[in-house]
Amino acid sequence: PLTVHETKVKYEKSRLDDPIADAYLAELTAYMEKEKPYRNSELTIRELATAIGLTEHVLSQVINGRAGANFFTFVNNFRIEEAQRLLADPSRKEDNILAAAFESGFKSKSHFNTLFKKTTGLTPREFRRQKVGR
């Protein structure tokens with residue numbers, strides 16, 4: 001991943017100024033939270049850009065420059081948050097943990113487990129146990 005400085009240098013010559021980039025990020029975040037496109041395990045940057053009316057280049061610039069992440073990290077952060085919501089829901093405590101992973105948009109159990117532990121410091125099972133006692 002690029003450092004913040006490298007990202008700024010990379011996009012220095014672009015015409016996307018900070019207030020516009022911030023507005024695009026706010027719009028993107030609202031779309032992600034409302035429509036939950038990250039639940040599609042095959043989501044592409046092209047599909048996301050089209051959905052919010054930006055070019056892939058501009059969307060990439062907003063995600064890298066304003067959110068400080070690449071596309072996959074950005075999307076996976078939403079997936080992890082969704083998985084946490086699902087695993088912490090007492091009404092779903094009997095559901096299979098893998099079901100929460102797939103419903104959140106992950107394609108692979110191992111990738112989900114690795115990313116979940118890296119992000120939260122807990123395995124999905126430990127997280128659920130802390131939240132709902134199972």
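These legends describe close-up views of a predicted model.

**View 1. The largest nonpolar core has 20 residues.** Leu28, Met32, Leu48, Leu59, Phe74 and Val75 have the most contacts inside this core. Four helices each supply at least two of its residues: H2, H3, H4 (56–66) and H5 (71–88). A second, separate core has 13 residues, including Ile80, Leu86, Phe116 and Leu122. In soluble globular proteins, nonpolar side chains tend to be buried together.

**View 2. Leucine 59 touches residues from other places in the sequence.** Its partners are Leu28, Ile45, Leu48, Ala49, Ile52 and Leu54. Residues up to four places away in sequence are not counted here. Leu28 and Leu48 appear again among the residues with the most contacts inside the largest core.

**View 3. Phenylalanine 74 sits in helix H5.** Its relative accessible area is 7%, so phenylalanine 74 counts as buried. Leaving aside neighbours within four places in sequence, phenylalanine 74 is in contact with Leu25, Leu28, Met32, Ile63, Ala67 and Ala69. Asparagine 64 is ten residues away from phenylalanine 74 in sequence. In space, the two lie 8.9 Å apart, C-alpha to C-alpha.

**View 4. Tyrosine 38 and phenylalanine 78 form a stacked aromatic pair.** A pair of aromatic rings is described by the distance of the centres and the angle of the planes. For tyrosine 38 and phenylalanine 78, the centres are 5.7 Å apart, with 25° between the planes. The pair links distant parts of the chain, 40 residues apart. Tyrosine 38 belongs to the loop between H2 and H3, while phenylalanine 78 belongs to helix H5. Both rings come from buried residues: tyrosine 38 has a relative accessible area of 1%, and phenylalanine 78 has 10% relative accessibility.

**View 5. Phenylalanine 112 and phenylalanine 116 form a tilted pair.** Their ring centres are 5.5 Å apart. Their planes meet at 55°, so the pair counts as tilted. The two residues are four apart in helix H7 (residues 109–120), so about one helical turn separates them. Phenylalanine 112 is buried at 1% relative accessible area, and phenylalanine 116 is buried at 0%. Both belong to one aromatic cluster with Phe106 and Phe127.

**View 6. Lysine 36 has a positive phi although it is not a glycine.** The angle is about 55°. Lysine 36 is found in the loop between helix H2 (18–35) and helix H3 (45–52). Its relative accessible area is 25%, so lysine 36 counts as partly exposed.

Terms used. Residues are numbered from 1 along each chain as its sequence is written. This is a predicted model: local features need pLDDT of at least 70, side-chain atom pairs count only at pLDDT 80 or more; totals for chains, interfaces and linings use all residues. Side-chain values use heavy atoms; hydrogens and water are left out. Buried means under 20% relative accessible area, exposed over 50%, partly exposed in between (1.4 Å probe, protein chains only). A nonpolar core is a set of buried Ala, Val, Leu, Ile, Met, Phe, Trp, Tyr and Cys residues joined through side-chain atoms within 4.5 Å. Contact means heavy atoms within 4.5 Å. Rings of Phe, Tyr and Trp (its six-membered ring) pair if their centres lie within 6.5 Å; planes under 30 degrees apart count as stacked, over 60 as edge-to-face and the rest as tilted.
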